[in-house]
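Here is a short note to read beside the model. Take the points in order, and keep the structure open as you go.

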Amino acid sequence: MGAALAPLLAVDAQAGTNLVQNGSFSLNTLPSPLNPSNASGAEIDSLWNYNGDLTDWSSTASTSNPQLYNILFTGTVATDTSINPDTRYTSSEPQYLNANVNSLSPDGGAFVGLDGDPNFTGALTQTITGLTIGQEYQLSFYWAGAELFNRTGYTSIQLTGSLGGDSFATPVYLNTNPAGTPGSFSGWTLETFDFTADATSELLSFLAVGSPAANLPPFALLDGVSLTAVPEPSTWAMMLAGFGGLGFAAFRRRRRTPVAII
């Protein structure tokens, strides 16, 4: 019975495997020290010094998004809301998050901030491999609406994206704080979307969409990205039947155990 169950257990393990690499953004090749030496992170898009330093992810300017602005934050609330990351704008004005950002995502640790200003938004992407055509997959991630320290009065922020030819979008978060006060923080929300693979490899892309422009850019924060296969109903039935058989076999073994008579 144990040998018969092995393929079923293998299917279950495969279903739980995260196909996204570095989905928690904990891996990077940033040099040390940054500027400042205790920087809260760094701009990781192609317009600054650390393009390609966020392991397994890419953020490249294009004709449609020539001025993208995406930041990897270290994932320490006190640091992320008080010390500048190393970016192309750090020398001219503060680039850390405002103090209303008071919690890390449930995934914990580092996270990415994507600028939602229509003039500065740009995609964060990763090519996902190992997909099975026709297989259903579930994409999940944590996101939050936030703002930099010296920005006020933004209106809205949303995180959108795509996997292959299919798109997704979070609800729109509206800033509740008036101009002249720090932007509000939405708190972290877990989002899940289901997709069916059309190819063995597909591009996963995230893009922040916010308003207004005019130097009032809201940020979409992203963390804990996961893509896992969804078991087919028939697979679940086979697994349940297998586990039931295993239980029955164990019961028979217990019944057959000799009992010493004194």
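**Notes on the fold**

1. Start with one pair of residues. Gly113 has Leu221 as its bridge partner, and Leu221 lies in strand 11. Keep in mind that this model is predicted.

2. Now widen the view to the strands. Strand 3 covers residues 111-115, and strand 11 covers residues 218-229. The two pair in the antiparallel sense. Their pairing runs over 4 bridges.

3. Next, the sheet. Strands 3 and 11 sit side by side in an open sheet of 6 strands, with the order 1-2-3-11-5-9. The pairing in this sheet is antiparallel.

4. Which strands stand at the edges? They are strand 1 (41-43) and strand 9 (189-196). Each has a single partner strand, so one side of each is left without a neighbour in the sheet. On average, neighbouring strands of this sheet are turned by 25° against each other, direction ignored.

5. Step back to the whole protein. How many helices and strands does it have? There are 3 helices and 11 strands. Along the sequence, the pattern reads α-β-β-α-β-β-β-β-β-β-β-β-β-α.

6. Look at contacts too. Take those between residues at least 6 apart in sequence. Of these, 79% join residues at least 24 apart.

7. Finish with burial and surface. The protein has 262 residues, and 45% of them are buried. Its accessible surface comes to about 12,400 Å². Carbon and sulfur atoms account for 57% of that surface.

Definitions and conventions. Residues numbered from 1 in each chain as written. Predicted model: local features only at pLDDT ≥ 70, side-chain atom pairs only at ≥ 80, totals over all residues. Heavy atoms only, no water. Pairing = 2+ DSSP bridges. Axes fitted to C-alpha atoms, helices over the stretch in contact; angles between N-to-C directions. Buried < 20%, exposed > 50% of the residue type's maximum accessible area, 1.4 Å probe, protein only. Contact = heavy atoms within 4.5 Å. Areas by Shrake-Rupley, 256 points an atom, 1.4 Å probe, with all protein chains shown as cover.
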